[in-house]
Amino acid sequence: MNTFELLLGGMKVAFTYEHILLALVGCLLGSIFGALPGLGPANGVAILIPISFSLGLDAASSMILLASVYYGAMYGGRISSILINIPGDEPALMTTLDGYPMTKQGRAGEALTLTAIASFIGAVISTIGLMFLAPQLVKIALLFGPAEYFALFVMAFATLGGVSSNNKAKTAFAACLGLAVSTIGIDGQTGVPRLSFGNVHFYDGIDFLVVIVGMFALSEVLIFIEEKKDNSNESNDFNKIKIDKIYPSFKTIINIIPASLRGSALGFFAGILPGAGASLGSFISYTFEKKLSNKNDTFGKGDIRGVAAPEAGNNAAAGGAMVPMLSLGVPGSGTTAVLLAMLMTLNITPGPLLFQNNPDVVWGLIAALFFGNFVLLFLNVPLVKYFTYVLLLPSRYLMPIVVMISFVGIYGISGSSFDLLLMIFFGVLGWILRKFDIPLVPVIMGSILGSLMETNLRRALTISDGDLTYLFSSWTSIVIWSITLLGLILPLIYGDRVKKSINKYKKTNK
Amino acid sequence: MTDRSLGIVFLCISVLYIYFASQTELSFISDPFGPKKFPYLIGIILLITSIFMILKPQVQVIWPNSKKTMEIILMIFIFILYAQLLPTLGFIICTFFASTLITWRLGTPFTKSIIFGLSLSLSMYLLFSVVLGLSLARGLFGF
């Protein structure tokens, strides 16, 4: 079957009442999560997974819901960047640079519409890219054996955080922490309890959803308490902003298209690269566009191309990041790791087998994403005014909602208060780790991928009867190990430079 | 306080981790690699990176002042109490108390918090239990 027949099949899956409704709900929730500073795509998806699992949604349905949330958050993140100069989520940081100046000039409506269009271009292009590239990657992945998969997992960890990663030792530390969590429980290969201290609750291991929700949702609340100012009246300078002239002239829209296309291409590839993710996607798109088009020194002062490029970039990166997650089962970013966790909870192992055994999930998802983008464009252009009201919801009301939904979700999975206590433990741990500047995404990836990683390693060594050289015996694995090595060495050379320029933008932003 | 202290704590944890992994009893089924070596591998990397943090601390951590610390401890206490009482008291009662307290401690006036807590617990019950059919904690009173 060719791609279009498959997509047609996917449309049959996507265009059922249930799935259309889920995509709508996902897009709406996603835009809200994205718009709210303090909640991003990863948190949003994280607190929804236990819920969708408890609701008994099947793989295709939950994937459609959660991927719509992911895409929606990528759209929504720009709203607070543009209006109040606070990025709604991390990738939207670059949008503040030209977006907020536009607001100050009274062009907020124009900025919101143009970025929505750029987001749309980025997301559609990357979904098309996903549609064509993922099956190609699957063909390669079909040749992978356990040794190659083990190498691939090591690569995912080694390249995590990409060139901008702060500190390789800390990333490795965090990853091992997550992996250590995954080793608790009965050993899948030989059936002996391991590191469970004789506690029956630990025999099943620690559900990675507990780790995810604790670290992504509860730790956020603790951070909020810490950063909260005493008796603060939350600033509502945002009330003064009027959003009028939502529809810019046709010529203006044409003007941002080249920038959006460039941003989309760069963002998509940044998304595919292991460990780069959407933040890097928007960063690369912005800096590239600035180098190319900043002839009259208009960037940073409200240039429309300066908002279009990073928005197209971060939306395209979201689609790009789905490529390795779906076709190899190796996530490159926090949000895709969380999506992967959802599939694994439903006993579906992403990777080439997903495309063979569950084509409905993959193609239904792709079709739903196309549909979702039109919904999002509609939500984010004519209805954008209503989303700005979301920003008025103070965090002191938002945070209790997040906490309660987290508890409901985790309790819904197992019905045990032991899991709730574990979730609280990981929430506190996440807070402490964040204080020490230890990234949480590797911890989460470790807890999700740990058992797969160990299984593949042990299968490979069973095949070779314990001979370790087998891990490096095929050309494919040698290539993967060399990429891993590059991923470790390159940041040592370029890391400081990239980090400095990102920090520079962060500082000017503050 | 720097990451050195975290390094010291995790140095101990990784040694304990390796020790407990070594206590794993082997079964009659076995594979060439065995269930112990993967934890050893992780434990060793954890150990090395902890030492790295001890030798080369990079972050100066600023802990919140004592008032904030109390607030955080109180919040964790509310969470734990919620987790413990949920199966007995049921969803609506627990969620009402917990969300009221949390909203209040996050800086909302107390009466407003009560109203918010009540409406949150009732609307979540309606949404999740009645509309979506999710199994929430029933408790002794059945709701």
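Within chain A of this predicted model, confidence peaks in helix H19(A), at a mean pLDDT of 93, and falls to its lowest in helix H21 (residues 475-509), where the mean is 76. Averaged over chain A, the pLDDT is 85, and 93% of the residues score at least 70.

Turning to the meeting of the two chains, 50 residues of chain A are in contact with 55 residues of chain B. On the chain A side, the elements giving two or more residues are helices H8 (168-182), H10 (208-227), H18 (395-414), H19 (417-435) and H20 (441-463). Of these, H18(A) supplies the largest share of that side, with 11 residues. By character, the residues of chain A that touch chain B comprise 29 nonpolar, 11 polar and 10 charged.

The interior of the model is worth a look as well. The largest nonpolar core holds 207 residues, and the members that touch the most others in it are Leu66(A) and Ile212(A). Helix H4 of chain A, spanning residues 59-84, gives the most to this core, contributing 17 residues. Chain B takes part too: at least three residues of the core come from each of its domain 1 (3-55) and domain 2 (66-131).

Ile212(A) offers a handy point from which to explore this core. Once neighbours within four places in sequence are set aside, the contacts of Ile212(A) are Ala46(A), Val338(A), Ala341(A) and Ile444(A).

Terms used: Residues numbered from 1 in each chain as written. Chains lettered and ligands numbered in written order. Predicted model: local features only at pLDDT ≥ 70, side-chain atom pairs only at ≥ 80, totals over all residues. Contact = placed C-beta atoms within 7 Å. Helix = DSSP H or I, 4+ residues; strand = E, 2+ residues; numbered from the N terminus. Nonpolar A, V, L, I, M, F, W, Y, C, P; charged D, E, K, R; others polar. Core = buried A, V, L, I, M, F, W, Y, C linked by C-beta atoms within 7 Å. Buried ≥ 20, exposed ≤ 12 C-beta atoms within 10 Å, placed from the backbone. Domains from an automatic or database assignment. pLDDT = per-residue confidence, 0-100.
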